[in-house]
Amino acid sequence: MNDRMDALRERVGIAYGGDYNPEQWPDEVQEEDLRLMKEAGVSLVSVGIFSWASVEPRPGEYDFDWLDRVMDRLAGGGVAACLATMTASPPPWLTTRHPEMLTVRADGSTISPGGRQHYCPSSPVYRSHAVRLAEQVATRYADHPALAIWHVNNEYGNVIPCHCDVSASAFRRWLADRYGSVEGLNDAWSTRFWAQGYSSFEEVLPPRSPAPFANPAHALDYARFTSDELLACYLAEKEVLRRVTSDVPVTTNFPPSLRPVDQWTWAPHVDVIGYDAYPDPLDADAAQKVAFSYDVMRSLRGGQPWLLMEQAPGGVNWRPRNAAKPRGAMRLWSWQAVAHGADAVMFFQWRQSRGGAEKFHSAMVPHGGPSTRLFGEVSALGRELGAVRDLAGAESPRADVAMVLDWPSWWALEGPAHPSTDVRFLDAAWSCHRPLFDAGVACDVVRADADLSAYRLVVVPNLYLTSDEAARALTRYVEEGGTLVMSFFSGIVDPYDRVHLGGYPAPFRAMLGLTVEEFHPLAEDASVGLTDGSGTVWSEEVRLEGAEAVAHFTTGPLAGEPAVTRHRFGRGEAWYLATRPDPAAMRGLFDRVREAAGVAPVLPGLPDGVQARARETEEGRWYIVLNHGATAADVPLPAPMRDVLAGAEPTASLRLEPNGVALLRPG
């Protein structure tokens, strides 16, 4: 474990709180804040995330007096601070003096100030001012008793990628480092097509809305470059924080969408993973979808606890329809994060704003004040989490199932000019994760080239882009006795988005025992019949080369052809899905595969809609059981256990109401 994080956990337990923006309020409201934080069980607040203009109202003129009072109040009230470097949104004076640092869209238009995160990450002006501010903040508060952890910037990648001239110059340098020569670039980008050959790196531009299609390899490298440039911004600020306060942990918060940055490359540089989650109350699959995101966060640093940095107590403000959370859902979804390894449950934000773009985004203290139902639920949850401090730091046991996630493959999959725009990575991942979630089976998430030897089952929802290293790792895993499930349109291109020749999917043909002759993507919202159920999104013509057909297409042009196959390869076996089976068919298939592989649920016999996860401390295992269903559920237990939250005596069965939660210890 990380020593810096051990100190934080000792101080706050399961951290509870939210973004605190006192600069929006007068002193008398701030005084009330501390009283209400104590009432709500708040132990940690994120301070100053969007405070740049408040602490540096004019260039080089700093006003920290108001923040000094805030930090002193927090320390006096026993609330720790996750103090931000404040660099997420440059103040108006900076963009007025340096408009060249503003983000430029692919169409050439410039993003105007007035929102947030409107900076070019490659801009030396932005970086120098951000680092200077981070040093001012770090130096001033290095020894402040409220300081517990640093928060760098905010939701890196949750902005439009910049295509300005400064970015273009930085991109050229990045390409020169990556390829060494323009000849190497031309080969990697297949520039003989459409006469795109470059004679020098100086001719290369960002992918600025070309017609009719961007070069896919060009667009893919720009996504890699953007992730790297944002990481460079983070590292520049982190270097200052580490130099000034070597013992204080440093993190940032990944945005809800997961997609913008390659989190495998970022994970080694944060002391703890931070993530913002906003499941949609109107989405019937919200709990399962966010469970996948939480599995990603838990896995980025090998099962270490992570921090839920933001969620909404109720509704948000940025969807077309912003529903409130039903009674009990906020508690249920908060405990779901803890079940998946979170050591913090935090919200955006503490007090609901009176004005601004997020005034209708719910907060721990809503517009109606502390007498509201919402604040009552917030306070009750704070008391619960405060009573189980021993759970902080508990790691999640390694799962028997791993799912492969590769960010460059994700970006390339959703690039231009593909057989179907309906093939999207998250849809593929959710469809494969759902039968595991519904069965109560834990799932880790791994890199494509990871050592997979410890897993009984590996799932590849889509690996469109496949390196030689990844292909060898997956093939070796099956050959040495593992069970693998791979979905369609995998193993198609190399890391430069060039097709692997030799028949689809060339890197996996021997392992899968088949060749894909031709893709048959389905029409929008169309389906195709299967031996058991139906398939959606995709179909393809499969020629068996040693594999056996487990299910066939029963309608459409491929009627009678293989739809699901199994191939014994070495000491293991590889399954292949040539379509996306409907949820019931996918559940049946995954149950069959995982049971044969010896993969069991966290707790056996869970009713439909009930989820269980485990966390480990030196004193033993904790089980967190959650009822996502619409009706009460009776949960059998393998041995007598006591519900710590209910203070009940040990029991061999448990009754959970809808949205109910139990925290179990062996009796």
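**A walk through the chain, starting at helix H1**

Helix H1, residues 3-12, lies across four strands: E1 (15-20), E3 (80-84), E4 (147-151) and E9 (342-347). Its direction makes about 125° with E4. Keep in mind as you look around that this is a predicted model.

Those strands lead us into an open sheet of 9 strands, paired in parallel and ordered E5-E4-E3-E2-E1-E9-E8-E7-E6. Strand E5 (250-251) and strand E6 (253-254) are at the edges; each has a single partner strand, so one side of each has no neighbour in the sheet.

Step inward from E6 and you get to E7 (residues 274-276), which pairs with E8 (residues 306-310) in the parallel sense over 3 bridges. To find that pairing on screen, look for Asp 276, whose bridge partner in E8 is Glu 310. Helix H11, residues 286-300, packs on the sheet here, touching E6, E7 and E8. The direction of H11 makes about 135° with that of E8.

Next, a helix pair. Two packed helices are described by the angle between their axes and the distance between the axes. For H2 (residues 27-40) and H13 (residues 373-386), the axes come within 7 Å and cross at roughly 60°. The two helices are therefore oblique to each other. On the H2 side the contact is made by Leu 36, Glu 39 and Ala 40, while H13 brings Phe 375, Val 378, Ser 379, Gly 382 and Arg 383. Sorted by class, that contact has 4 nonpolar, 2 polar and 2 charged residues.

Further along the chain there's another open sheet, this one of 3 strands in the order E15-E16-E21, with antiparallel pairing. E15 (527-529) and E21 (580-581) take the edges with a single partner strand each, so one side of each is left without a neighbour in the sheet. E16 (residues 534-536) and E21 pair in the antiparallel sense over 2 bridges. A handy spot to check is Thr 536, which stands opposite Arg 580 in E21.

Now zoom out. The chain holds 18 helices and 26 strands, and its C-alpha trace spans about 75 × 75 × 40 Å along the principal axes. Its radius of gyration is 26 Å, which agrees with the value near 26 Å for a compact globule because that is what 667 residues would give. Of those 667 residues, 58% count as buried. As for contacts with a separation of 6 or more, 72% of them are between residues 24 or more positions apart.

Definitions and conventions: Residues are numbered from 1 along each chain as its sequence is written. This is a predicted model: local features need pLDDT of at least 70, side-chain atom pairs count only at pLDDT 80 or more; totals for chains, interfaces and linings use all residues. Side-chain values use heavy atoms; hydrogens and water are left out. Axes are lines fitted to C-alpha atoms, for helices over the stretch in contact, and angles run from 0 to 180 degrees between N-to-C directions. Angles under 35 degrees count as roughly parallel, over 145 as roughly antiparallel, 65 to 115 as roughly perpendicular and the rest as oblique. Contact means heavy atoms within 4.5 Å. Ala, Val, Leu, Ile, Met, Phe, Trp, Tyr, Cys and Pro count as nonpolar, Asp, Glu, Lys and Arg as charged, and the others, Gly among them, as polar. Two strands pair if DSSP finds at least two bridges between them. The radius of gyration is taken over C-alpha atoms; the globule rule is 2.2 Å times the number of residues to the power 0.38. Buried means under 20% relative accessible area, exposed over 50%, partly exposed in between (1.4 Å probe, protein chains only).
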